[in-house]
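This report concerns a predicted model. It takes up a strand arrangement and a contact between chains.

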Amino acid sequence: MRESIKAPLVLTVISAAVCGMLAFANALTADKIAQTEQAALQESLTQAFGEAEYTALPQQYEGIHQVIRDTDGRLIFDVTSSGYEKDGQHLLIGLDAEGAVCGICVVSIADSPTQAAKVQEDAFLSQFLGRQKATDAYDAIAGATKSAQGIQNAVNLVLETYQTNKEAMTHG
Amino acid sequence: MADAETSCSLRQELCKGLIRENPTLVGLLGMCPTLAVTQEAKNALGMGIATTLVLIGSNVVISLLRRVIPQAVKLPCYIVIIAGFVTMVEFLLHGFVPELYTALGTFLSLITVNCIILGRAELFACKHTVIRSALDGAGMGLGFTLALLLVGSVRELFGAGTLFGISVMEQNAVSVLTLAPGGFFVLGCVIALVNRIAHREPPRTAGCTGCPNAATCAASKGGCSQ
């Protein structure tokens, strides 16, 4: 067979075989990964916002996995954002009854361990507490610029979504 | 006699990566994960095991396909195969060891571009049988794990005063060892120690002398000069 045909054909066949193997591996582990993520989410909710009854709202909003309401009337937004890795930050952002940020919990973060540790420090996260409107102003972190930007973007997304859908969220 | 020679040679394939041709401490490959994930011995061990699994898998598959893969698309094929194994390891860690998956973060995906894996595929697996390639992958992976574990244990023990998370001497910890400069310092000391054990002298002349890959390289196409 001519080399100009054989080379791309072999690459295509190998890529297809690897895709098949990955689909099989995904089918085997998808349920376990979903269970693990659900357990981590529940644990993070309890750790960050205390023991309460959490109920997911039925409405779906763009860019947000789910909105959860607790028994105190707080809304907790389950979002992913992009730091150094696309969609690598899984965050829970809580808004109180006034629509101000009352807590941020990092469920998982796929950036490097050092960058992950830097953006989880209270000194960084506390600047977002009490914020009610989306803004571009925030204190970034040297050495974890994109990780910090990811969290800032997520907070802005949550506040914008809340402002747009306030009625449906609070009375829905 | 031939069987004994073969078995001895197979054992050599497995053992060469531990000290004599250790990819990290002698070949100085895979420095990025070596420095980045060795703040804790547990993470170092996890990264070592994950890389070993990928090394064995990719070496076996590349060796199986060595007569099929055309020269022109050799590297893209290797990368696709390696990336496939890395993603499978990611799935497994995410589902069954989520703490380690979180701790290794983006460095887990970066195993794909670890030069030890591509290096063994290019230098060894594409020229040798499946069994030899599997043993080479296992040996190199164990050598990498050993190096990471050594560096990680020293950094965690003297930098944080703990070992595998168990408090040992927290009062006397030197926290700079858990930071990047401490990583370079500990890695340098471990390399010096291994050189001492292996009685390696620095090369006195430039060229293949003293190069750990000289034998493999010369056997393939007459040396790195070609």
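A:G73 adopts a positive phi near 85 degrees in the hairpin of β2(A) and β3(A). This hairpin has 5 residues between the strands. β2(A) and β3(A) pair in the antiparallel sense over 5 bridges, and within this pairing A:Q66 is placed opposite A:D78 of β3(A).

The hairpin strands belong to an open sheet of chain A, in which 5 strands follow the order β1-β2-β3-β4-β5 with antiparallel pairing. Its edge strands are β1 (55-56) and β5 (101-109) of chain A, each of which pairs on one side only. On the β1(A) side, strand β2 (residues 64-69) of chain A is the antiparallel partner, joined over 2 bridges. Two residues facing β2(A) can be named here: A:T55 stands opposite A:R69, and A:A56 stands opposite A:I68.

Two helices of chain A are placed against this sheet. Helix α1 (residues 3-49) of chain A lies across β2, β3 (75-81), β4 (89-95) and β5 of chain A. Helix α4 (residues 145-164) of chain A packs on the sheet and touches β2, β3, β4 and β5 of chain A. The table gives their directions relative to β4(A).

| Helix of chain A | Residues | Angle to β4(A) |
|---|---|---|
| α1(A) | residues 3-49 | about 40 degrees |
| α4(A) | residues 145-164 | about 40 degrees |

The remaining topic is the contact between the chains. How many residues does the contact take from chain B and from chain A? Chain B contributes 29 residues and chain A contributes 24 residues. The size of an interface is often expressed as the accessible area lost when the parts come together. Between chain B and chain A, the buried area is about 2,100 Å², and carbon and sulfur atoms give 76% of that area. The count of salt bridges between chain B and chain A is 0, while 2 residue pairs are in polar contact, both at pLDDT 80 or more.

On the side of chain B that touches chain A, α4 (74-96), α5 (98-104) and α6 (106-109) of chain B each supply at least two residues. The largest share, 13 residues, comes from α4(B). By residue class, this side of chain B divides into 19 nonpolar, 10 polar and no charged residues.

Technical notes: Residues numbered from 1 in each chain as written. Chains lettered and ligands numbered in written order. Predicted model: local features only at pLDDT ≥ 70, side-chain atom pairs only at ≥ 80, totals over all residues. Heavy atoms only, no water. Contact = heavy atoms within 4.5 Å. Buried area = accessible area lost by both parts, 1.4 Å probe. Salt bridge = Lys/Arg side-chain N within 4 Å of Asp/Glu carboxyl O. Polar contact = N/O pair within 3.5 Å; in protein donor to acceptor, adjacent residues only side chain to side chain. Helix = DSSP H or I, 4+ residues; strand = E, 2+ residues; numbered from the N terminus. Nonpolar A, V, L, I, M, F, W, Y, C, P; charged D, E, K, R; others polar. Pairing = 2+ DSSP bridges. Axes fitted to C-alpha atoms, helices over the stretch in contact; angles between N-to-C directions.
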